[in-house]
Amino acid sequence: MKSNLKVFLKGIIDVSPLMIPVVPFGLIFGVLAIDVGFTPIETMAMSLIIFGGASQIVLLQLFSGGASSLVIISSVGAVNSRHLLYGAVVSEHLSDLKLIWKIIISYFLIDQAFAISNEYLKKNKDHNRYLHLVGGGATCWVIWQSTTFLGIILGSAIPEKLGLSFAVPLTFLALLVNDFRKFINVIVIIISGLVATFGYNYIPFKAYVIVAALAGLFTAMILTRKNKKA
Amino acid sequence: MSNWALILYCGLITYLTRFSMIALIKKEMFNDRIREILSFVPSAIFPAIIFPAIFINEIGLIEIDDNPKILAAIIAMFIGIFSRSIIATIFSGLASYWFLIFVV
């Protein structure tokens, strides 16, 4: 069995290449949060408390559009629901962990650390293998907090006419690059996008994110069912 | 609700999703059909952020003409499809946008 430190360091090394896109994401978040009117302390607290890029950007986007707190919180919940699938995969590797470790690891269980450690957990059965996930998560934590901090500082220096808020749709577009290659996904993307755009002014309480997501999922349900019969 | 309460609740819901993933959800709780549907969640939810941010202007109206964000997003999408790189997608989109508003 490898030493605890070695497994932890392996997690850091394995996750490092995935940290490259996190840097602009963190900077953009820091800059935009100041831009929409959060204080530097609140912005830093968002990264420390929420520690989730997509959650935090959705919060900003809806907050700046004047959505109510209830809609913002439920939209953040909807964005996180994509993680439920991970649970089904990763929980079997972590089932023998003490509850206290599950409580700690949950804070660090972000996309990048999950993606990398899932491979490691599949191949290794040592009982300290979860430290790989902690190493990857901790690396991402350091990068996310420091880029948020830099973004807060840069925020006041970046001119508004650069239109950096356009980085928000680009960042989410980047998360979909693999889905553009699949036909059903493309249909789902178009349906959800159209419902959100045309419903923006008509769906009450700025709940357009949730309504559009449900329309997209419903489309996926219909299309995948037809697919199987054919 | 104060900004602080909003941040705390959003943090709580994000944390609870992650905790339920490793502590509550078991593999057998999802059949293949539910898994298949869940795999579409990113495609169903991210466009709801992407499209309005591109097509809707500051005063809340749909803007198609004279909107450089549309072309920049299309360029970014194609760069993304071919490069499969998150960073190339973001930077090609921003670079095209700046080119369109400052140079063209």
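Which helices do the buried residues of helix 3 of chain A pack against? In this predicted model, the buried residues of helix 3, which spans residues 40-49 of chain A, are A:Thr43, A:Met46, A:Ser47 and A:Ile49. They pack against helix 2 (22-35), helix 4 (53-64) and helix 9 (130-155) of chain A, together with helix 1 of chain B, and the list therefore takes in partners from both chains. Just after helix 3 of chain A comes A:Phe51, which takes a positive phi of about 45°.

Helix 1 of chain B leads on to the wider meeting of the two chains. In that meeting, 62 residues of chain B are in contact with 75 residues of chain A. On the side of chain B that touches chain A, the elements giving two or more residues are helix 1 (3-24), helix 2 (32-38), helix 3 (41-45), helix 4 (47-55), helix 5 (68-83) and helix 6 (86-103) of chain B, and among these helix 1 of chain B gives the most, with 17 residues. Sorted by class, the residues on this side of chain B comprise 44 that are nonpolar, 11 that are polar and 7 that are charged.

One part of this meeting can be followed in detail, where helix 7 of chain A, residues 99-108, meets helix 1 of chain B. The axes of these two helices come within 8 Å and cross at roughly 130°; helix 7 of chain A is oblique to helix 1 of chain B because a crossing of that size falls in none of the ranges for roughly parallel, roughly perpendicular or roughly antiparallel axes. The crossing of helix 7 of chain A and helix 1 of chain B is right-handed. From helix 7 of chain A the residues taking part are A:Lys102, A:Ile103, A:Ile105, A:Ser106 and A:Tyr107, and those they meet in helix 1 of chain B are B:Tyr15, B:Arg18, B:Phe19, B:Ile22 and B:Ala23. By class, this contact between the two helices holds 7 nonpolar, 1 polar and 2 charged residues.

Is B:Ala23, a residue of this contact, buried or exposed, or does it fall in between? B:Ala23 has its place in helix 1 of chain B, and it is partly exposed because 17 other C-beta atoms lie within 10 Å, whereas a buried residue needs 20 or more and an exposed one has 12 or fewer. Along the chain B:Ala23 is 16 residues apart from B:Ile7, and the C-alpha atoms of these two residues are separated by 24 Å.

A second residue, this one in chain A, also has a partner in chain B. A:Val168 lies in helix 10 of chain A, residues 167-175, and it is buried, since 21 other C-beta atoms lie within 10 Å. Leaving aside residues up to four places away in sequence, A:Val168 touches A:Ile57, A:Gln61 and B:Ala53. A:Val168 and A:Ala207 are 39 residues apart in sequence, and their C-alpha atoms are 18 Å apart in space.

The chains can also be viewed through their domains. Chain A is divided into domain 1 (4-162) and domain 2 (176-229), and the C-alpha centres of these two domains of chain A lie 25 Å apart. Their contact takes 9 residues from domain 1 of chain A and 6 residues from domain 2 of chain A. On the side of domain 1 of chain A that touches domain 2 of chain A, the largest share, 4 residues, comes from helix 5 of chain A, residues 69-80, and the residues of that side divide into 4 nonpolar and 5 polar, with no charged ones. Chain B, for its part, is divided into domain 1 (1-39) and domain 2 (42-104), and 29 Å separate the centres of these two domains of chain B, taken over C-alpha atoms.

Two loop residues of chain B complete the tour. B:Asp66 is found in the loop between helix 4 and helix 5 of chain B, where it has a positive phi of about 55° although it is not a glycine; it counts as exposed because it has 6 C-beta neighbours inside 10 Å. B:Arg84 lies in the loop between helix 5 and helix 6 of chain B, and this residue, likewise not a glycine, has a positive phi of about 55°. With 14 other C-beta atoms within 10 Å, B:Arg84 is partly exposed.

Notes: Residues are numbered from 1 along each chain as its sequence is written. Chains are lettered from A and ligands numbered from 1 in the order in which they are written. This is a predicted model: local features need pLDDT of at least 70, side-chain atom pairs count only at pLDDT 80 or more; totals for chains, interfaces and linings use all residues. Two residues are in contact if their C-beta atoms, placed from the backbone, lie within 7 Å. Ala, Val, Leu, Ile, Met, Phe, Trp, Tyr, Cys and Pro count as nonpolar, Asp, Glu, Lys and Arg as charged, and the others, Gly among them, as polar. Domain bounds come from an automatic or database domain assignment. Axes are lines fitted to C-alpha atoms, for helices over the stretch in contact, and angles run from 0 to 180 degrees between N-to-C directions. Angles under 35 degrees count as roughly parallel, over 145 as roughly antiparallel, 65 to 115 as roughly perpendicular and the rest as oblique. A crossing is left-handed if the near helix is turned anticlockwise from the far one by less than a right angle, and right-handed if clockwise.
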